[in-house]
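Q: I'm new to reading structures, so please take me slowly through one part of this one. I'd like a close look at how the inside is packed.

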Amino acid sequence: MQKWLVPSNPNVYDAEASFKKNGFIDWRQNKNKYEVGDIVYLYCSQTHRKIMFKSVVEKINISSSNIIDDKEFWKDLNQYNESKEHVYFRIRLIEKVDKKELSLEYLKQNGLKAAPQSPIKVNNKLGEYLDKYFTLDSSNDNRIKEDYNIWSMNVSKKDSYENMWNLFKENSCVSIDYWIHNKSLDYSSFNNVNEIKGYLKNSLPENSREPTLINIFVNGIKKGDIFIAHKGQTVVCGIGIVESEYIYQNGVLNNIRKVDWIYTPDNLKIKDKYLFKTDNIVKLNEKYSYFVNEILARIAGKDKSVRNKLLDFIFNQFYNDFHSTEVGQNHFNRYEIGKVKIQNDWNLINQKISKNEYWLDDFWKNLFHRDLELFSIGGNDLKGMIQARSKKKYNFSDEDMDNLAIAFVDTVNGLLETSNTEEQKEILADYSGNIYKSYGFQTGVMSPILFYLDESSFYPINSKAIKTVRLLSLMLDDEIKLSVDLNKYIESNEEYKKFLQKLSDAVSSKLNIRIFDEFCHWICDSKLGNYADNERKVVEIFPIKDILKGKKPFKSNKKRNLIYFGAPGTGKSYNLNQDKDSLFEDFEKNYERITFHPDYSYANFVGTYKPVPENSSITYKYVPGPFMRILKKALNNPDKPYLLIIEEINRANVAAVFGDVFQLLDRNEENISDYDIATSEDMKSYINEDKIILPQNLFIWATMNSADQGVFPMDTAFKRRWDFKYFSINNNENLIENTHTTINGKEVNWNTLRKQINDELLSYKINEDKLMGPFFAFNEFMNEKIPEETFKDIFKNKIIMYLFEDAARAKRNDLFSGAKTKDYVTYSEICEAFDKIGLKIFNFISDDE
């Protein structure tokens, strides 16, 4: 699959309007070698100067006589007429994203050389960058409108059919054999239900539904349809995509359709009772499309991986298609405009009350008469409307209407004056005893006023909020039903606040009430998201295939827990980096690199509460460490590799740094932790899991040099949980065989000198891990000549220092005997001698060398 970047001039052709109407565009192909399935990004020039559309090539080599007539979208009719005699390819919209990060300025920082003037292929760097902002792929069902149906099938209608689901799963199919009398008949020749009835009429009861079932299975279902297999009314067994037409065969199951079971929880109970219909096969998407969304939401509540995908999809679409658009921003800005208006009106009313001035006209004509109001409260004549509604029973007079307004203002002021929820409940209970409250001032009217006056304490509750909170709370394994009953407003308000905090944690984004109320509007509106209105029944269906079709877990033969160890300069970090590049060859480089040191702690590694500046004050928040950050990413993206690199692992007390995480290092044959550990409350707030494990796509690689001074020993239990990769003292020495210099007129080969020094150290019975590897120094001059002065500087400052302070600390006088002028030798004396006599400072260098 190739990715392309194609320029689009909105002054010539309105691509956005064309996509909006048709879902695709027939684009001039020219000489570019597009293939079906290629991805095409449209760069919108002129005033936009950004990439805004992601599409997929659906057809190629289309003649001009077979393209769609899109004349209405051409701004330049001359170019429209010129375009007719060409070959075309069809691109179907996947996703529209309007973000500043996709503007030319940012694109040039991430792989694009200049604004495209003609179609170009997208390079890897730019492709990886675009993938961060275009999150949907070409299989997404909400953007590319596939024509498919969704069916539910009860796979446990009779006790004798307990193995039905297992057979379906094992054979990648679905069958009607369990519900029909004649399993040995090939039904492919029957075209409709009447033909089936006519053939089977003598073998079936008069009102049997069997012919209808057979006709649906043979003629109604088609490739690409979705099956939801369930046991009884509450348990989901699996969800799959139909891959074949009707098949008759002689086997364990005769009448089948092949199915790719993309999601197989087997026995996932998603409700206590009464969810699925018990009919054999039910078509869901025509009359029960909201029911499909509820099923997926309930599955998400039980399966975090589904929850993450579903919430990502919904909120990405909301932000991209509505909130970030001009219409969405206008909607959002009206919250502040409404707040200012309401607060001014309310303050004016209270000022007049305090001065004993007449204020009731301000109440009716200003407070409830607003053109900018987001909520359905008020109108041109709310007072007249309430009086008209009261005629049958109470027939409110003007005095009654005055009493209604007084009761409302007193109640709202009372609620604003206390934060005690019990007192607030009593205030509303007193108000609810008032006959006036039934005539217009229920929760849907009072809560928006409270919200505008104190939005941190009071949330607006209306029908859209109720529907949205219920659907999304199902995704959080809860079912919250907010109430419009004013007596229950305080309880619903508190529940709403807790829900919004829990949702913010789940989507890793701070959702304030303004954004979420806008989201409620979007997700319920029939012209926008249209996913959550359960009263409408027929709504947009979540892209069930894209959300449930799990990406294949990342597989690799590389070790998960691996320590690279050897003497200094043997290439441990170099080889680790090569292995890292190999691991991420086809993926974004998702890794963190840290270095252990004696003061490094569990709080640094895993995370802890830390002071964090917020506004003008300091608050304490859980700040995750590198281990938790990389673990969260790996758990959320099982199809990609993630790597934690620990340099100098033995320079810290690993038992203290790893703490209980040490238990996770035991991995099974699938490279997943054998044992889990319970998360603390602070961990849980970040990772949203009660228990954690190391997934198979998380790699932890470390380097270790036991020659370092002041290192902490590792106990056997810790070492047992790691694989070790040893680098010998002469590992890859061929890379420095010709690294040389000149000292005082004599040629010196660095590798030969290194070995001479190592041999001398060994003669002193110094451990091998104190010796110098090929890459201890001069790495920038591999197999090259080193300038003499450069060699001398590095040799003095690195090699002599290491030998003097560390490797040959106890044998200084012997090793540097050529520099001795008294019983002992100092570092400065050695360096001075080296400047004068070169390598003769060493006892093993003769006058001839």
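A: Let's start with the vocabulary. A nonpolar core is a set of buried Ala, Val, Leu, Ile, Met, Phe, Trp, Tyr and Cys residues joined through side-chain atoms within 4.5 Å. Buried means under 20% relative accessible area, exposed means over 50%, and partly exposed is in between (1.4 Å probe, protein chains only). Keep in mind that this is a predicted model, where local features need pLDDT of at least 70 and side-chain atom pairs count only at pLDDT 80 or more, while totals for chains, interfaces and linings use all residues. Residues are numbered from 1 along each chain as its sequence is written, and side-chain values use heavy atoms, with hydrogens and water left out.

The largest nonpolar core has 120 residues, and the members that touch the most others in it are Phe-363 and Tyr-496. Leaving out residues up to four places away in sequence, Phe-363 touches Ile-349, Phe-368, Ala-405, Phe-408, Val-409 and Phe-441; contact here means heavy atoms within 4.5 Å. Another core, this one of 40 residues, lies apart from it, and its members include Val-748, Leu-753, Ile-800 and Ala-807.

Now for some helices. Helices (H or I, at least four residues) and strands (E, at least two) are DSSP runs, numbered from the N terminus. Take helix H8, residues 289-302: 13 of its 14 residues are buried, so the rest of the structure largely encloses H8. Its length works out nicely too. The expected span of a helix is 1.5 Å times one less than its number of residues. For H8 that gives 20 Å, and the end C-alpha atoms are 21 Å apart, which agrees.

So what does H8 pack against? One partner is H16: the two helices pack at an angle of about 40°, with their axes 6 Å apart. That makes H8 oblique to H16. On the H8 side, the contact is made by Tyr-290, Asn-293, Glu-294, Ala-297, Arg-298, Ala-300 and Gly-301, and on the H16 side by Arg-470, Leu-471, Leu-474 and Met-475. A word on how this works: axes are lines fitted to C-alpha atoms, for helices over the stretch in contact, and angles run from 0 to 180 degrees between N-to-C directions. Under 35 degrees counts as roughly parallel, over 145 as roughly antiparallel, 65 to 115 as roughly perpendicular, and the rest as oblique.

One of those H8 residues, Arg-298, gives us a link to Ala-229: their C-alpha atoms are 15 Å apart, and the two residues are 69 places apart along the chain. Ala-229 sits in strand E9 (residues 226-231) and is buried, because its relative accessible area is 2%. Not counting residues up to four places away in sequence, Ala-229 touches Met-153, Val-155, Trp-165, Val-235, Val-236, Cys-237, Gly-238 and Trp-261.

Moving along from H16 (463-475), the loop between H16 and H17 holds Asp-477. Asp-477 isn't a glycine, yet its phi is positive, near 60°. For background, most residues other than glycine have a negative phi. With 43% relative accessibility, Asp-477 counts as partly exposed.

After that loop you reach helix H17 (residues 489-507), which packs with helix H14 (residues 421-432) at an angle of about 140°, the axes being 9 Å apart. That makes H14 oblique to H17. In this contact, Thr-421, Gln-424, Lys-425 and Leu-428 of H14 meet Tyr-489, Ile-490, Glu-491 and Glu-494 of H17.

Helices pack on sheets too, so have a look at one. Five strands form an open sheet with parallel pairing, in the order E16-E19-E22-E15-E23. Two strands pair if DSSP finds at least two bridges between them. The edge strands, E16 (591-595) and E23 (723-727), each pair on one side only. Neighbouring strands here are turned by 15° against each other on average, ignoring direction. Between strand E15 (residues 561-566) and E23 there are five bridges, and Tyr-564 has Lys-725 in E23 as its bridge partner. Helix H20 (residues 572-583) packs on this sheet, touching E15, E16, E19, E22 and E23, with its direction at about 165° to that of E22. Helix H22 (residues 626-636) lies across E16, E19 and E22, and runs at about 160° to E19.
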